[in-house]
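Thanks, everyone. I have one model to walk through today, and I will keep it quick. Please have a look at it first.

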Amino acid sequence: MFKASSPLFSGLLWKIPWRISQPQKARQRKRLRSVDRVVDTVSAALTRNGHSARSVTRWFKEMPREEEMLPKDKYTLFDKKEKTYRKGIHKLPKWTRVSQRVNPPGF
Amino acid sequence: MSYFRVTLVRSAIGLPRRTTDVLKALGLKKRMVTVFHPVSPSVAGQIMKVKELVEVREVEKRLTRQEVHLERKPDPGYYVEKTSGAEWKESR
């Protein structure tokens, strides 16, 4: 039986679920920790060899670590068009391969 | 002198062109490739550009591609005592 629905009526329509699932959250935390680990390794290697890099110091100054982040910032991000000013981080394009850790203050 | 041991674990397909270019500059053309670079601020900056895609370790020695491959090779479970050619030479 044909049932009218947006994906069947229009051409290309992707449906991204509203909620992010528990395993997706777990993998997100794992990815956050892996990025932390890479930055820690790079920073430790540089200090041991007596160097410093601006990108590394800037990361430590600006970005929170995985354990310091609030769940709100781990799994959602700011969106001015949403009623609550927040949407799931899985709506961010390429969200598994980009760093999105900080949001506007107060939101 | 120590080295960064950088392995590409996530591909850069669909990411900005600059990301692919940085990977190319590091010598990472496909996933699970390992490269060695001396520890320096410029290499650190390059790694920071692609930190979501790579795994990094600090090592003392740089290995060749073949040595990296042999690390992953499983133990065959046997060893060769004598080859047939050597045995033949002895019997003559």
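One term before we start: a residue is called buried if 20 or more other C-beta atoms lie within 10 Å of its own, and exposed if 12 or fewer do. Anything in between is partly exposed. Also keep in mind that this is a predicted model.

Now use that term on chain B. Take strand β1(B). Which of its side chains are buried? B:Phe4, B:Val6 and B:Leu8 are, and they point to one face. B:Tyr3, B:Arg5 and B:Thr7 point to the other face and are not buried. So the side chains alternate along β1(B).

Where does that strand sit? It belongs to an open sheet of three strands in chain B, in the order β2-β1-β3, with antiparallel pairing. β2 (34-38) and β3 (54-59) of chain B are at the edges. Each has a single partner strand, so one side of each has no neighbour in the sheet. On average, neighbouring strands are turned by 25° against each other, direction ignored.

Helix α2 (residues 41-49) of chain B packs on this sheet. The helix touches β1, β2 and β3 of chain B. Its direction makes about 20° with that of β1(B).

Now the pairing in detail. How many bridges join β1 (residues 3-8) of chain B to β2(B)? Five, and the two strands run antiparallel. B:Tyr3 has B:Pro38 as its bridge partner in β2(B). For B:Arg5, the partner in β2(B) is B:Phe36. On the β3 side, β1(B) and β3(B) pair over six bridges, again in the antiparallel sense. There, B:Val6 stands opposite B:Val56 in β3(B).

Over to chain A. Its secondary structure comes to four helices and two strands. The pattern along the sequence is α-α-α-α-β-β.

What about its overall dimensions? The C-alpha trace of chain A spans about 70 × 30 × 25 Å along its principal axes. The radius of gyration of chain A is 19 Å, where a compact globule of 107 residues would be near 13 Å. Buried residues make up 9% of the 107 residues in chain A. Still, look at the contacts in chain A with a separation of 6 or more: 52% of them join residues 24 or more positions apart.

Confidence, briefly. Chain A has a mean pLDDT of 92, and 99% of its residues reach 70 or more. Among its elements, helix α1 (residues 6-9) of chain A has the lowest mean, 72. Helix α2 (residues 22-48) of chain A has the highest, 97.

Next, the contact between the chains. It takes 19 residues from chain A and 20 residues from chain B. Which elements of chain A give two or more residues to that side? They are α2 and α3 (54-62) of chain A. The largest share, eight residues, comes from α2(A). By type, the chain A side divides into eleven nonpolar, six polar and two charged residues.

Last, two backbone details in chain A. A:Tyr85 has a phi near 65°, a positive value in a residue other than glycine. A:Tyr85 is in the loop between β1 (76-78) and β2 (86-88) of chain A. Why does A:Tyr85 count as partly exposed? Because there are 15 C-beta neighbours inside 10 Å. A:Lys94 is not a glycine either, and its phi is positive at about 60°. A:Lys94 lies in the segment after β2 of chain A. With 14 other C-beta atoms within 10 Å, A:Lys94 is partly exposed.

That is my tour. Questions, please.

Conventions. Residues are numbered from 1 along each chain as its sequence is written. Chains are lettered from A and ligands numbered from 1 in the order in which they are written. This is a predicted model: local features need pLDDT of at least 70, side-chain atom pairs count only at pLDDT 80 or more; totals for chains, interfaces and linings use all residues. pLDDT is the predictor's confidence in each residue, from 0 to 100. Two residues are in contact if their C-beta atoms, placed from the backbone, lie within 7 Å. Ala, Val, Leu, Ile, Met, Phe, Trp, Tyr, Cys and Pro count as nonpolar, Asp, Glu, Lys and Arg as charged, and the others, Gly among them, as polar. Two strands pair if DSSP finds at least two bridges between them. Axes are lines fitted to C-alpha atoms, for helices over the stretch in contact, and angles run from 0 to 180 degrees between N-to-C directions. The radius of gyration is taken over C-alpha atoms; the globule rule is 2.2 Å times the number of residues to the power 0.38.
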